[in-house]
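Biologist: Please take one helix of this model and go through it closely. I would like to know which way its residues face and what lies around them.

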Amino acid sequence: MDPVSTSPTAPVAFLKGHGTENDFVIVPDPDNAIDLPPHVVAALCDRRAGIGGDGLLHVVRSAAHPEARAMAGEAEWFMDYRNADGSVAEMCGNGVRVFARYLQRAGHVTAGDLAVATRGGVKWAHLAKSATGGASATSTDSATGAEDGGITVRMGRAVLPDDGVTVAVGGREWPARNVNMGNPHAVAFVEELAHAGDLFSEPPVSPASVYPDGVNVEFVVDRGPRHVAMRVHERGSGETRSCGTGACAVAVAAARRDGTDPAVTGAPVTYTVDLPGGRLVITEHPDGEIEMTGPAVIVAEGYVDPVWLETAFATRPEARSNG
(Lines give C-alpha, C1' and ligand atoms only; values in the text may rest on other atoms or scores of the structure.)
Protein backbone atom coordinates (compact mmCIF):
# COMPACT_ATOMS: atom_id res chain seq x y z
CA MET A 1 0.00 0.00 0.00
CA ASP A 2 1.04 3.59 -0.58
CA PRO A 3 2.19 5.48 2.51
CA VAL A 4 -0.42 7.79 3.97
CA SER A 5 0.30 11.41 3.02
CA THR A 6 -0.90 14.27 5.15
CA SER A 7 -1.18 17.88 4.05
CA PRO A 8 1.20 20.43 5.63
CA THR A 9 -0.15 22.26 8.68
CA ALA A 10 1.65 25.51 7.81
CA PRO A 11 1.19 27.59 4.63
CA VAL A 12 3.29 26.33 1.74
CA ALA A 13 5.21 29.00 -0.16
CA PHE A 14 5.80 28.66 -3.89
CA LEU A 15 7.33 30.56 -6.78
CA LYS A 16 6.82 30.26 -10.52
CA GLY A 17 9.76 30.47 -12.90
CA HIS A 18 10.84 29.51 -16.39
CA GLY A 19 13.90 29.00 -18.55
CA THR A 20 13.16 29.56 -22.25
CA GLU A 21 9.49 28.99 -21.32
CA ASN A 22 10.14 25.59 -19.75
CA ASP A 23 8.18 26.50 -16.62
CA PHE A 24 8.28 25.19 -13.09
CA VAL A 25 6.52 25.39 -9.76
CA ILE A 26 9.23 26.04 -7.16
CA VAL A 27 8.68 24.82 -3.58
CA PRO A 28 11.34 26.04 -1.11
CA ASP A 29 11.78 23.44 1.63
CA PRO A 30 15.34 23.62 3.05
CA ASP A 31 14.70 21.03 5.79
CA ASN A 32 12.80 18.56 3.57
CA ALA A 33 9.76 18.94 5.80
CA ILE A 34 7.06 19.06 3.10
CA ASP A 35 5.55 15.81 1.86
CA LEU A 36 5.06 15.96 -1.92
CA PRO A 37 3.48 12.71 -3.11
CA PRO A 38 3.09 12.30 -6.90
CA HIS A 39 -0.62 13.11 -7.02
CA VAL A 40 -0.06 16.42 -5.18
CA VAL A 41 2.81 17.36 -7.52
CA ALA A 42 0.51 16.58 -10.47
CA ALA A 43 -2.20 18.78 -8.94
CA LEU A 44 0.20 21.69 -8.44
CA CYS A 45 1.45 21.35 -12.05
CA ASP A 46 -2.05 21.13 -13.52
CA ARG A 47 -2.49 24.11 -15.84
CA ARG A 48 -6.24 24.42 -15.38
CA ALA A 49 -6.84 23.51 -11.76
CA GLY A 50 -3.43 24.18 -10.20
CA ILE A 51 -0.51 26.59 -10.52
CA GLY A 52 0.68 25.00 -13.76
CA GLY A 53 4.12 23.91 -14.88
CA ASP A 54 6.18 21.45 -16.88
CA GLY A 55 7.60 20.21 -13.59
CA LEU A 56 8.26 21.02 -9.95
CA LEU A 57 11.53 22.10 -8.34
CA HIS A 58 11.63 21.00 -4.70
CA VAL A 59 14.43 23.07 -3.11
CA VAL A 60 16.08 21.09 -0.30
CA ARG A 61 19.43 21.24 1.47
CA SER A 62 21.39 18.17 0.39
CA ALA A 63 22.13 17.17 3.97
CA ALA A 64 18.38 16.94 4.65
CA HIS A 65 17.51 14.59 1.78
CA PRO A 66 18.40 10.87 1.81
CA GLU A 67 19.08 10.85 -1.94
CA ALA A 68 21.51 13.77 -1.73
CA ARG A 69 23.36 13.41 1.57
CA ALA A 70 26.37 11.84 -0.12
CA MET A 71 26.70 15.01 -2.24
CA ALA A 72 26.29 17.46 0.67
CA GLY A 73 30.03 18.02 0.99
CA GLU A 74 30.17 19.31 -2.58
CA ALA A 75 26.73 20.88 -3.05
CA GLU A 76 24.70 22.51 -0.28
CA TRP A 77 21.45 22.43 -2.28
CA PHE A 78 19.59 19.50 -3.88
CA MET A 79 17.20 19.92 -6.82
CA ASP A 80 14.55 17.30 -6.07
CA TYR A 81 12.99 17.45 -9.53
CA ARG A 82 9.56 16.04 -10.39
CA ASN A 83 7.86 15.77 -13.78
CA ALA A 84 4.42 17.29 -14.27
CA ASP A 85 2.77 13.92 -13.71
CA GLY A 86 4.47 13.65 -10.32
CA SER A 87 7.09 11.12 -11.34
CA VAL A 88 10.69 11.56 -10.22
CA ALA A 89 13.30 12.56 -12.83
CA GLU A 90 17.08 12.42 -12.77
CA MET A 91 17.81 15.88 -14.15
CA CYS A 92 16.41 18.95 -15.86
CA GLY A 93 18.82 21.38 -17.50
CA ASN A 94 16.46 24.35 -17.66
CA GLY A 95 15.40 23.46 -14.13
CA VAL A 96 18.97 23.84 -12.85
CA ARG A 97 19.11 27.39 -14.21
CA VAL A 98 15.77 28.32 -12.64
CA PHE A 99 16.79 26.58 -9.41
CA ALA A 100 19.98 28.67 -9.32
CA ARG A 101 18.00 31.85 -10.05
CA TYR A 102 15.71 31.10 -7.11
CA LEU A 103 18.67 30.57 -4.76
CA GLN A 104 20.07 33.92 -5.92
CA ARG A 105 16.75 35.69 -5.44
CA ALA A 106 16.36 34.22 -1.94
CA GLY A 107 19.83 35.44 -0.97
CA HIS A 108 21.33 31.98 -0.55
CA VAL A 109 23.95 32.60 -3.27
CA THR A 110 25.42 35.52 -5.19
CA ALA A 111 26.96 35.85 -8.63
CA GLY A 112 29.60 33.28 -9.45
CA ASP A 113 29.80 29.50 -9.33
CA LEU A 114 27.22 27.31 -7.63
CA ALA A 115 27.14 23.52 -7.14
CA VAL A 116 23.68 21.91 -7.42
CA ALA A 117 23.08 18.31 -6.42
CA THR A 118 20.74 16.35 -8.69
CA ARG A 119 19.85 12.70 -9.17
CA GLY A 120 22.09 12.91 -12.23
CA GLY A 121 25.06 14.02 -10.10
CA VAL A 122 26.43 17.42 -9.09
CA LYS A 123 26.00 20.16 -11.72
CA TRP A 124 27.79 23.50 -11.65
CA ALA A 125 26.03 26.75 -12.54
CA HIS A 126 27.62 30.13 -13.15
CA LEU A 127 25.44 33.18 -12.48
CA ALA A 128 26.42 36.26 -14.47
CA LYS A 129 27.22 39.37 -12.41
CA SER A 130 24.72 41.47 -14.37
CA ALA A 131 21.77 39.43 -13.15
CA THR A 132 19.26 41.22 -10.98
CA GLY A 133 17.79 37.99 -9.67
CA GLY A 134 14.25 39.34 -9.99
CA ALA A 135 11.49 39.09 -12.55
CA SER A 136 13.27 41.63 -14.74
CA ALA A 137 16.22 39.29 -15.28
CA THR A 138 15.30 38.28 -18.81
CA SER A 139 17.26 37.68 -22.00
CA THR A 140 14.72 37.17 -24.74
CA ASP A 141 16.84 38.66 -27.52
CA SER A 142 20.28 37.39 -26.54
CA ALA A 143 22.12 34.45 -28.04
CA THR A 144 23.49 33.41 -24.68
CA GLY A 145 21.52 35.33 -22.10
CA ALA A 146 24.72 36.64 -20.52
CA GLU A 147 23.92 40.30 -21.15
CA ASP A 148 20.78 40.07 -19.00
CA GLY A 149 21.96 37.75 -16.28
CA GLY A 150 21.99 34.46 -18.17
CA ILE A 151 23.15 31.35 -16.38
CA THR A 152 25.68 28.82 -17.66
CA VAL A 153 25.42 25.25 -16.39
CA ARG A 154 28.13 22.63 -16.66
CA MET A 155 26.03 19.66 -17.62
CA GLY A 156 28.65 16.95 -17.39
CA ARG A 157 29.46 14.51 -20.18
CA ALA A 158 27.12 12.76 -22.54
CA VAL A 159 26.98 8.99 -22.74
CA LEU A 160 26.24 7.61 -26.19
CA PRO A 161 25.16 3.96 -26.01
CA ASP A 162 25.54 2.02 -29.25
CA ASP A 163 21.90 0.94 -29.27
CA GLY A 164 20.32 1.71 -32.63
CA VAL A 165 16.84 3.18 -32.12
CA THR A 166 14.03 4.31 -34.41
CA VAL A 167 11.39 6.99 -33.80
CA ALA A 168 8.02 6.80 -35.55
CA VAL A 169 5.24 9.37 -36.04
CA GLY A 170 2.23 9.09 -38.32
CA GLY A 171 3.61 6.34 -40.51
CA ARG A 172 7.07 7.92 -40.86
CA GLU A 173 10.19 6.51 -39.27
CA TRP A 174 13.61 8.03 -38.59
CA PRO A 175 16.82 6.62 -37.14
CA ALA A 176 17.59 8.30 -33.81
CA ARG A 177 20.72 8.81 -31.76
CA ASN A 178 20.65 7.44 -28.23
CA VAL A 179 22.14 10.10 -25.93
CA ASN A 180 22.13 10.06 -22.14
CA MET A 181 22.59 13.36 -20.31
CA GLY A 182 21.88 11.92 -16.89
CA ASN A 183 18.44 11.22 -18.34
CA PRO A 184 17.62 9.38 -21.60
CA HIS A 185 17.12 10.99 -25.02
CA ALA A 186 16.37 9.82 -28.55
CA VAL A 187 17.41 12.46 -31.12
CA ALA A 188 15.92 12.28 -34.63
CA PHE A 189 16.89 14.61 -37.49
CA VAL A 190 13.86 15.36 -39.69
CA GLU A 191 13.04 17.50 -42.71
CA GLU A 192 10.37 19.62 -40.98
CA LEU A 193 9.49 20.12 -37.33
CA ALA A 194 5.84 19.48 -38.22
CA HIS A 195 6.82 15.86 -38.82
CA ALA A 196 6.89 15.46 -35.02
CA GLY A 197 3.08 15.57 -35.00
CA ASP A 198 1.16 16.94 -32.03
CA LEU A 199 3.45 15.32 -29.41
CA PHE A 200 0.52 14.90 -27.02
CA SER A 201 1.72 11.36 -26.35
CA GLU A 202 5.22 9.90 -26.40
CA PRO A 203 6.29 9.01 -29.95
CA PRO A 204 6.94 5.28 -30.30
CA VAL A 205 10.63 4.44 -30.01
CA SER A 206 11.88 0.98 -30.90
CA PRO A 207 13.18 -1.24 -29.56
CA ALA A 208 11.33 -0.20 -26.42
CA SER A 209 13.72 -2.27 -24.30
CA VAL A 210 16.43 0.38 -24.81
CA TYR A 211 14.44 2.81 -22.63
CA PRO A 212 12.77 0.77 -19.86
CA ASP A 213 11.91 3.93 -17.89
CA GLY A 214 10.70 5.99 -20.85
CA VAL A 215 12.58 8.54 -22.95
CA ASN A 216 12.66 12.20 -24.00
CA VAL A 217 12.31 12.43 -27.78
CA GLU A 218 13.79 15.33 -29.79
CA PHE A 219 12.96 16.19 -33.42
CA VAL A 220 15.60 18.38 -35.05
CA VAL A 221 15.99 20.43 -38.24
CA ASP A 222 18.95 22.44 -39.50
CA ARG A 223 18.80 26.25 -39.56
CA GLY A 224 22.40 26.99 -40.61
CA PRO A 225 26.00 26.11 -39.78
CA ARG A 226 26.04 24.80 -36.20
CA HIS A 227 22.51 26.13 -35.77
CA VAL A 228 19.52 23.83 -35.30
CA ALA A 229 15.91 24.02 -34.13
CA MET A 230 14.04 21.37 -32.19
CA ARG A 231 10.77 20.21 -30.66
CA VAL A 232 10.67 17.79 -27.75
CA HIS A 233 8.34 15.37 -26.01
CA GLU A 234 9.51 15.24 -22.39
CA ARG A 235 8.92 12.02 -20.51
CA GLY A 236 6.13 12.56 -18.00
CA SER A 237 5.25 16.06 -19.26
CA GLY A 238 4.37 15.89 -22.97
CA GLU A 239 5.59 18.54 -25.41
CA THR A 240 7.33 21.37 -23.60
CA ARG A 241 8.49 24.77 -24.82
CA SER A 242 12.10 23.90 -24.01
CA CYS A 243 14.30 21.13 -22.62
CA GLY A 244 17.85 21.88 -21.48
CA THR A 245 19.17 18.32 -21.37
CA GLY A 246 17.41 17.76 -24.70
CA ALA A 247 19.21 20.74 -26.26
CA CYS A 248 22.51 19.29 -25.01
CA ALA A 249 21.66 15.87 -26.44
CA VAL A 250 20.77 17.49 -29.76
CA ALA A 251 24.08 19.40 -29.91
CA VAL A 252 26.01 16.22 -29.13
CA ALA A 253 24.15 14.25 -31.79
CA ALA A 254 24.64 17.05 -34.33
CA ALA A 255 28.38 17.22 -33.63
CA ARG A 256 28.74 13.48 -34.30
CA ARG A 257 26.66 13.75 -37.44
CA ASP A 258 28.66 16.76 -38.68
CA GLY A 259 32.09 15.32 -37.90
CA THR A 260 32.84 17.98 -35.26
CA ASP A 261 33.17 15.68 -32.24
CA PRO A 262 35.56 17.66 -29.95
CA ALA A 263 37.17 14.46 -28.69
CA VAL A 264 38.29 13.82 -32.28
CA THR A 265 39.03 17.36 -33.48
CA GLY A 266 40.60 18.56 -30.23
CA ALA A 267 38.61 21.81 -30.42
CA PRO A 268 35.42 22.84 -28.61
CA VAL A 269 32.27 23.10 -30.70
CA THR A 270 29.28 25.35 -30.08
CA TYR A 271 25.76 24.88 -31.41
CA THR A 272 22.91 27.36 -31.21
CA VAL A 273 19.66 25.52 -30.45
CA ASP A 274 16.33 27.22 -31.09
CA LEU A 275 13.36 25.92 -29.13
CA PRO A 276 9.71 27.03 -29.19
CA GLY A 277 10.36 28.99 -25.98
CA GLY A 278 13.68 30.61 -26.81
CA ARG A 279 17.34 29.96 -27.54
CA LEU A 280 20.07 27.99 -25.77
CA VAL A 281 23.76 27.92 -26.61
CA ILE A 282 25.51 24.58 -26.09
CA THR A 283 29.30 24.10 -26.07
CA GLU A 284 31.04 20.73 -25.88
CA HIS A 285 34.72 20.67 -24.92
CA PRO A 286 37.40 18.15 -25.93
CA ASP A 287 37.25 16.53 -22.48
CA GLY A 288 33.54 15.90 -23.04
CA GLU A 289 32.27 18.57 -20.63
CA ILE A 290 29.12 20.26 -21.94
CA GLU A 291 28.06 23.81 -21.06
CA MET A 292 24.57 25.21 -21.57
CA THR A 293 23.85 28.95 -21.42
CA GLY A 294 20.45 30.61 -21.36
CA PRO A 295 18.03 32.78 -19.38
CA ALA A 296 16.18 31.97 -16.16
CA VAL A 297 13.32 34.10 -14.84
CA ILE A 298 11.24 34.16 -11.66
CA VAL A 299 7.79 35.52 -12.52
CA ALA A 300 5.67 35.15 -9.37
CA GLU A 301 5.59 34.03 -5.76
CA GLY A 302 2.95 33.41 -3.15
CA TYR A 303 1.33 30.78 -0.95
CA VAL A 304 -0.74 27.75 -1.87
CA ASP A 305 -4.27 28.06 -0.51
CA PRO A 306 -4.44 25.64 2.45
CA VAL A 307 -7.97 24.48 1.63
CA TRP A 308 -6.99 23.73 -1.96
CA LEU A 309 -3.88 21.90 -0.75
CA GLU A 310 -5.87 19.82 1.74
CA THR A 311 -8.22 18.83 -1.08
CA ALA A 312 -5.28 17.96 -3.34
CA PHE A 313 -3.85 15.65 -0.67
CA ALA A 314 -7.20 13.95 -0.20
CA THR A 315 -7.87 13.49 -3.92
CA ARG A 316 -6.10 10.80 -5.96
CA PRO A 317 -7.37 11.23 -9.54
CA GLU A 318 -6.81 8.32 -11.93
CA ALA A 319 -5.38 10.74 -14.47
CA ARG A 320 -4.77 14.45 -14.85
CA SER A 321 -4.48 16.42 -18.05
CA ASN A 322 -1.62 18.92 -18.17
CA GLY A 323 -2.05 20.01 -21.77
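Modeller: The model is a predicted one, and the part to look at is helix H5, which runs over residues 306–314. Begin just before the helix, with Asp305. At the start of H5, the backbone nitrogen of Val307 has a side-chain oxygen of Asp305 within 3.1 Å.

Next, sort the residues of the helix by exposure. Leu309, Ala312 and Phe313 are the buried residues of H5. These buried residues lie on the same side of H5, because the arc they cover around the axis is only 100°. The other side of H5 has Val307, Glu310 and Ala314, which are exposed. Val307 therefore appears twice in this account: its backbone nitrogen takes part in the approach by Asp305, and Val307 is one of the exposed residues.

What do the buried residues of H5 pack against? Their partners are two strands and a helix: strand E1 (12–19), helix H1 (38–45) and strand E18 (297–304).

For the surroundings beyond H5, the structure also holds one cavity of 30 Å³ or more. The space in the largest cavity is about 80 Å³. Its lining is made of 13 residues, and those nearest the centre are Asn83, Met91, Asn183, Asn216 and Glu234. By type, the lining has five nonpolar, six polar and two charged residues. Strand E4 (77–83) and helix H3 (244–258) each contribute at least two residues to this lining.

Conventions: Residues are numbered from 1 along each chain as its sequence is written. This is a predicted model: local features need pLDDT of at least 70, side-chain atom pairs count only at pLDDT 80 or more; totals for chains, interfaces and linings use all residues. Side-chain values use heavy atoms; hydrogens and water are left out. On a 1 Å grid over the protein atoms alone, a cavity is a set of points where a 1.4 Å probe fits but cannot get out, and a pocket is an open set with protein on both sides within 12 Å along at least five of seven lines; lining residues have an atom within 4 Å of a point. Grid points are joined across faces, edges and corners, and a volume is the space filled by probe spheres set on the points. Helices (H or I, at least four residues) and strands (E, at least two) are DSSP runs, numbered from the N terminus. Ala, Val, Leu, Ile, Met, Phe, Trp, Tyr, Cys and Pro count as nonpolar, Asp, Glu, Lys and Arg as charged, and the others, Gly among them, as polar. Buried means under 20% relative accessible area, exposed over 50%, partly exposed in between (1.4 Å probe, protein chains only). The arc is that of the directions from the helix axis to the C-beta atoms. Contact means heavy atoms within 4.5 Å. A polar contact is a pair of N or O atoms within 3.5 Å; within protein, one must be able to donate a hydrogen and the other to accept it, and residues adjacent in sequence count only if both atoms are side-chain atoms.
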